[in-house]
Amino acid sequence: MNFKKEAFFDGDSEWEDLGQGVSRQLVGYNSQIMMVIVKFEKDAVGVLHQHFHSQITYIASGTFEVTVDGVTKILKEGDGFFAQPNIFHGVKCLEEGKLIDAFAPFREDFLK
């Protein structure tokens, strides 16, 4: 993955199978920010978790049950959510879809 990428084209980077109906593709990143596409099959779960990164997520397709800091809502294509650092958040996919996540700073733990 290049640090100074001006554009992203589908297929530029490989999809990583995370198991349980979830896979991700790194779009681009530098030391301050990272964008990731996460693909979910119906009923796949992004378990409740927390991290020190700020995260903003856009629902590119599908329908998701989203929990952020104990509040659960149903979000669909065009919606989004923000997870502040160290706040528990997670999703359950109700209708197959994709999320676009942006993290600041970048998720060093996502790099191999």
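How many residues lie between β1 and β2 in their hairpin? Keep that one in mind while we look at the whole thing first. What you have open is a predicted model.

**Stop 1: the whole chain**

Show the protein chain as a cartoon and look for strands: there are eight, with zero helices. Following the sequence, you'll read β-β-β-β-β-β-β-β. The radius of gyration is 13 Å, close to the 13 Å that the globule rule gives for 112 residues, so the chain is as compact as a globular protein of that length. Turn the C-alpha trace around, and its principal axes span about 35 × 30 × 25 Å.

Now switch on the surface. About 6,900 Å² is exposed, and carbon and sulfur atoms supply 53% of that area. Buried residues make up 38% of the 112 residues. Fancy colouring by charge? You'll pick out 11 positive and 17 negative side chains, and the centres of the two sets lie 1 Å apart. As for contacts with a separation of 6 or more, 61% of them link residues 24 or more positions apart.

**Stop 2: the hairpin**

Select residues 16–19, which are β1, and residues 22–29, which are β2. These strands run antiparallel, and three bridges join them. Here's the answer to the opening question: two residues sit between β1 and β2. Click on Gln20 in that turn, where phi is positive, at about 60°.

Next, pick Asp17 and look across to β2, where its bridge partner is Ser23. Is Ser23 buried or exposed? With 13% relative accessibility, Ser23 counts as buried, because the cut-off is under 20%. Show what surrounds Ser23: setting aside neighbours within four places in sequence, its contacts are Trp15, Glu16, Asp17, Leu18, Ile37, Val38 and Lys39.

**Stop 3: Met34 in β3**

Jump to residues 34–40, strand β3, and select Met34. Met34 is buried, with a relative accessible area of 1%. What does Met34 touch, not counting residues up to four places away in sequence? The list includes Leu26, Gly28 and Tyr29, and also Asp101, Ala102, Phe103, Phe106, Arg107, Phe110 and Leu111. Try a distance label between the C-alpha atoms of Met34 and Phe103: they are 5.1 Å apart in space, yet 69 residues apart in sequence.

**Stop 4: β5 and β7**

Select residues 54–68 for β5, then add β7; four bridges join these antiparallel strands. Click on Ile56 and you'll find Phe82 of β7 standing opposite.

Now zoom in on β7, residues 80–83, with side chains shown. Which residues are on its covered face? Phe81 and Ala83 are, while Gly80 and Phe82 are on the uncovered one. Here's some background for that pattern: in a regular strand the side chains alternate between the two faces of the sheet.

**Stop 5: Thr63**

Stay with β5 and select Thr63. Its relative accessibility is 17%, so Thr63 counts as buried. Add a C-alpha to C-alpha distance from Thr63 to Ile74, and you should get 7.1 Å for a pair eleven residues apart in sequence. Ile74 is also one of the contacts of Thr63 once neighbours within four places are left aside. Show the others to finish the tour: Leu75, Lys76, Lys92, Cys93, Leu94 and Glu95.

Methods: Residues are numbered from 1 along each chain as its sequence is written. This is a predicted model: local features need pLDDT of at least 70, side-chain atom pairs count only at pLDDT 80 or more; totals for chains, interfaces and linings use all residues. Side-chain values use heavy atoms; hydrogens and water are left out. The radius of gyration is taken over C-alpha atoms; the globule rule is 2.2 Å times the number of residues to the power 0.38. Buried means under 20% relative accessible area, exposed over 50%, partly exposed in between (1.4 Å probe, protein chains only). Contact means heavy atoms within 4.5 Å. Accessible areas come from the Shrake-Rupley method with a 1.4 Å probe; for residues, only the protein chains shown count as cover. Lys and Arg count as positive and Asp and Glu as negative; His and the chain ends are not counted. The place of a charge is taken as NZ of Lys, CZ of Arg, CG of Asp or CD of Glu. Two strands pair if DSSP finds at least two bridges between them.
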